[in-house]
Amino acid sequence: MYLGIETSCDDTAIAIINGKDVIINERIVQNHQQYGGVFPAQAASQHIINLPVLFNQIDKDYIEKLSHIAVTIGPGLKQCLLSGISFAQGLSIRYQLPIQAVHHIEAHILSVELSENIKPPYIALIISGGHTLIVDVYKYGKYKILGSSIDDALGECFDKCGRHVDLSYPAGPIMEKLALEGNEYKFILPKPMYDSNCYNMSFSGLKTHVLHNKVLYKEYIRDFCASFHRAISDILIKKLKNIVKDKLVICGGVAANRIIYHNLSQYFDVYTTIPALCTDNAAMIAYTGSCMKRNIDISVKPIWSIEDL
Ligand code: KG4
Ligand code: ZN
């Protein structure tokens with residue numbers, strides 16, 4: 001059994017898995033709304049408080065059966081990653097367990113294997129609060145980045161646009177609910193880089209557009225949210241159309257969005273996982289640690305490309 005620890009951003013998460021069985025998958029979501037974004041020092045000190053709280057809830061029988069610890073060492077916020085690594089190191093000494101270092105983005109990709117029977121090669125779309133990447137997963141552990149956002153991540157765009165129209169953080173799931181009751185063709189939102197000859201994306205122009213039109217969009221909030229989902233889906237479909245030949249894996253927090261899933265499914269053979277495994281979680285960390293037994297130092301790597309694995 002593997003214990004997973006995830007603290008790369010603002011969520012503190014601990015999980016236990018046995019093969020592909022998720023036995024425990026717990027998470028404490030921090031609230032950084034008052035700062036308008038994640039405040040790293042505050043998030044790191046919350047991890048230090050939250051990790052023992054989560055760990056102490058685990059039944060002793062499971063702890064006795066652990067064989068390994070898997071911990072996220074990057075990419076992410078340095079202080080936050082350090083909180084998780086130190087906690088893992090403490091447990092490793094106390095329970096005499098080896099530690100596996102895990103790459104957060106690789107874990108998002110492999111999270112889909114916990115729900116679906118899928119094996120490389122495939123194209124993975126990682127859409128989260130910190131990352132927007134199109135990755136060619138050409139074999140296990142081998143990755144090539146084909147495109148990425150050149151500015152804001154897609155989840156960040158959801159959260160910032162939502163904030164402009166007075167929705168609380170994280171705005172993604174709230175906008176999804178509102179969109180279900182709106183008309184997706186009411187507004188034509190900008191689609192930055194839609195026609196560019198590359199697979200990169202840009203979302204900051206959309207955010208500025210929403211800021212300039214926030215009075216109108218607040219009035220027609222459901223139609224705005226529906227039109228926003230239409231624009232995002234169109235951008236993703238356009239970028240993926242020339243790349244995806246067969247299977248498309250979508251993962252990361254925004255992949256929990258059923259409207260985006262539905263829209264992409266009209267064009268591709270889409271594989272994803274349940275919402276609790278799309279957003280940051282430790283089950284994906286434990287699973288990745290158990291599959292990818294690499295000999296990597298347990299030291300923090302805040303900037304770490306998936307191509308360098
Ligand atoms: O993967 P994640 O938990 O954390 C990062 O690694 O960043 O992703 C968090 C992001 C937030 O921006 C949140 O608004 C977005 O995922 N998100 C959603 C949905 N659920 C979470 N965005 C759109 N629709 C959702 N249902
Ligand atoms: Zn993540």
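The questions and answers below set values computed from a predicted model against the cut-offs behind each term. In this predicted model local features need pLDDT of at least 70, side-chain atom pairs count only at pLDDT 80 or more, and totals for chains, interfaces and linings use all residues. Residues are numbered from 1 along each chain as its sequence is written, and side-chain values use heavy atoms, with hydrogens and water left out.

Q: What makes His 104, His 108 and Asp 280 the protein donors of the zinc ion (ligand 2)?
A: Donors are N, O and S atoms within 2.8 Å of the metal (3.2 Å for Na, K and Ca), and His 104 (NE2), His 108 (NE2) and Asp 280 (OD) lie 2.1 Å from the zinc ion (ligand 2), so they qualify. Water is not among the atoms, so sites may look incomplete. Along the chain, the donors follow the spacing H-x3-H-x171-D.

Q: Why is the site of the zinc ion (ligand 2) called irregular?
A: Four donors count as tetrahedral if all angles lie between 85 and 135 degrees, while four count as square planar and six as octahedral if opposite donors are over 155 degrees apart and all others between 65 and 115; anything else is irregular. The angles among the four donor atoms here run from 92 to 141°, so the site is irregular.

Q: Why are His 104 and His 108 separated by about one helical turn?
A: Both belong to helix H4 (residues 104-111), where they are four residues apart, and this is why about one helical turn separates them. Helices (H or I, at least four residues) and strands (E, at least two) are DSSP runs, numbered from the N terminus.

Q: Why does Phe 55 count as buried, and why is Tyr 95 called partly exposed?
A: Buried means under 20% relative accessible area, exposed over 50% and partly exposed in between (1.4 Å probe, protein chains only). Phe 55 has 4% relative accessibility and therefore counts as buried, whereas Tyr 95, with a relative accessible area of 28%, is partly exposed.

Q: What makes the aromatic pair of Tyr 217 and Phe 224 stacked?
A: Rings of Phe, Tyr and Trp (its six-membered ring) pair if their centres lie within 6.5 Å; planes under 30 degrees apart count as stacked, over 60 as edge-to-face and the rest as tilted. Tyr 217 and Phe 224 lie 4.6 Å centre to centre with 15° between the planes, so the pair is stacked. Tyr 217 counts as buried at 2% relative accessibility, as does Phe 224 at 0%.

Key:
Chains are lettered from A and ligands numbered from 1 in the order in which they are written.
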